[in-house]
Amino acid sequence: MLSLPYFVFRHRSFPAAVIFVGFLTQYLPWARITRVLFLYHMFGGLVFMILALAFVLVRMQDAGPLRVEFFGDRVLLSTRWLVPAFLAVAVLFFLYFYPVW
C-alpha cells in the first residue's frame, strides 16, 4: 500500500489510484478510533491490500532485471521468477500453519 502513491503520481496509473482510494475508503473510518480494533474491521480493506500486492509484484516483474551492486560488482537479478517464488512461499506458509488453523 505504501508504494501505490508512487505509481499514482509518477506513472499516472489509474488502477493504482482505484486500489489506493478503495483502501483509504475502508481504512479511514477506523483510523481515529482509540479503542481496541479487531481483525474483522480490516476485512473490507483486505481485498484492496491483495490487489495492491498483485499490482506491485506484476509491475516489478515487468520492469525487467534488478541491477544490484555487491561489493563493487554489478549484478543483474532476474525478476522472471518473482511472482512464482512469492506464490510458492505463500503456499509453503499455508501448509506450515494449516495444523494451527
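Here are some short exercises on this structure, each with a worked solution.

The model is predicted: local features need pLDDT of at least 70, side-chain atom pairs count only at pLDDT 80 or more, and totals for chains, interfaces and linings use all residues. Residues are numbered from 1 along each chain as its sequence is written, and side-chain values use heavy atoms, with hydrogens and water left out.

**Exercise 1. Find where Ser13 sits, and decide whether it is buried or exposed.**

Step 1: Start with the helices and strands, which are DSSP runs numbered from the N terminus (helices are H or I with at least four residues, strands are E with at least two). Ser13 belongs to the loop between α1 (4-10) and α2 (14-31).

Step 2: Look at the accessibility classes: buried means under 20% relative accessible area, exposed over 50%, and partly exposed in between (1.4 Å probe, protein chains only). Ser13 has a relative accessible area of 6%, so it is buried.

Step 3: List the contacts, meaning heavy atoms within 4.5 Å. Leaving out residues up to four places away in sequence, Ser13 touches Phe7, Val8, Phe55 and Arg59.

Step 4: Check the side chain of Ser13, which has a polar atom 3.3 Å from the backbone nitrogen of Ala16. A polar contact is a pair of N or O atoms within 3.5 Å; within protein, one must be able to donate a hydrogen and the other to accept it, and residues adjacent in sequence count only if both atoms are side-chain atoms.

**Exercise 2. Describe Arg12: what is notable about its phi, and is the residue buried or exposed?**

Step 1: Arg12 lies in the loop between α1 and α2.

Step 2: Its phi is near 50 degrees, a positive value in a residue other than glycine.

Step 3: The relative accessibility of Arg12 is 66%, so this residue counts as exposed.

**Exercise 3. Work out which residues Thr79 touches, and what its side chain reaches.**

Step 1: Place Thr79 in the loop between β2 (73-77) and α4.

Step 2: Thr79 is buried, because its relative accessible area is 6%.

Step 3: Setting aside residues up to four places away in sequence, the residues touched by Thr79 are Met60, Gln61, Gly64, Pro65 and Leu66.

Step 4: One of these, Gly64, offers its backbone oxygen, which the side chain of Thr79 reaches at 3.0 Å.

**Exercise 4. Follow helix α3 through Gly44, Gly45 and Val56.**

Step 1: Gly45 is in helix α3 (residues 43-62), and Gly44 and Val56 are in this helix too.

Step 2: Compare the accessibilities. Gly44 has 28%, so it counts as partly exposed; Gly45 has 2% and counts as buried; Val56 has 17% and also counts as buried.

Step 3: Turn to distances between C-alpha atoms. Gly45 and Gly22 are 23 residues apart along the chain and separated by 7.6 Å, while Gly44 and Thr25 are 19 residues apart in sequence and 9.2 Å apart in space. Within the helix, Val56 and Gly45 are 11 residues apart along the chain, with 17 Å between their C-alpha atoms.

Step 4: Add the contacts, again without neighbours within four places in sequence. Gly45 is in contact with Phe23 and Gln26, and Val56 touches Ser3, Leu4 and Phe7.

**Exercise 5. How many aromatic pairs are there, and why is the pair of Tyr6 and Phe7 edge-to-face?**

Step 1: Rings of Phe, Tyr and Trp (its six-membered ring) pair if their centres lie within 6.5 Å; planes under 30 degrees apart count as stacked, over 60 as edge-to-face and the rest as tilted. The structure holds eight such pairs.

Step 2: For Tyr6 and Phe7, the ring centres are 5.3 Å apart and the planes stand at 75 degrees, so this pair is edge-to-face.

Step 3: Tyr6 counts as partly exposed at 45% relative accessibility, whereas Phe7 counts as buried at 11%.

Step 4: Elsewhere, ring pairs link Phe93, Phe94, Tyr96, Phe97, Tyr98 and Trp101 into a cluster.

**Exercise 6. Which side chains meet in a salt bridge, and are they buried or exposed?**

Step 1: A salt bridge is a side-chain nitrogen of Lys or Arg within 4 Å of a carboxyl oxygen of Asp or Glu. The structure holds one.

Step 2: The side chains of Glu69 and Arg74 form this bridge, at 3.9 Å from N to O.

Step 3: Both Glu69 and Arg74 are exposed.
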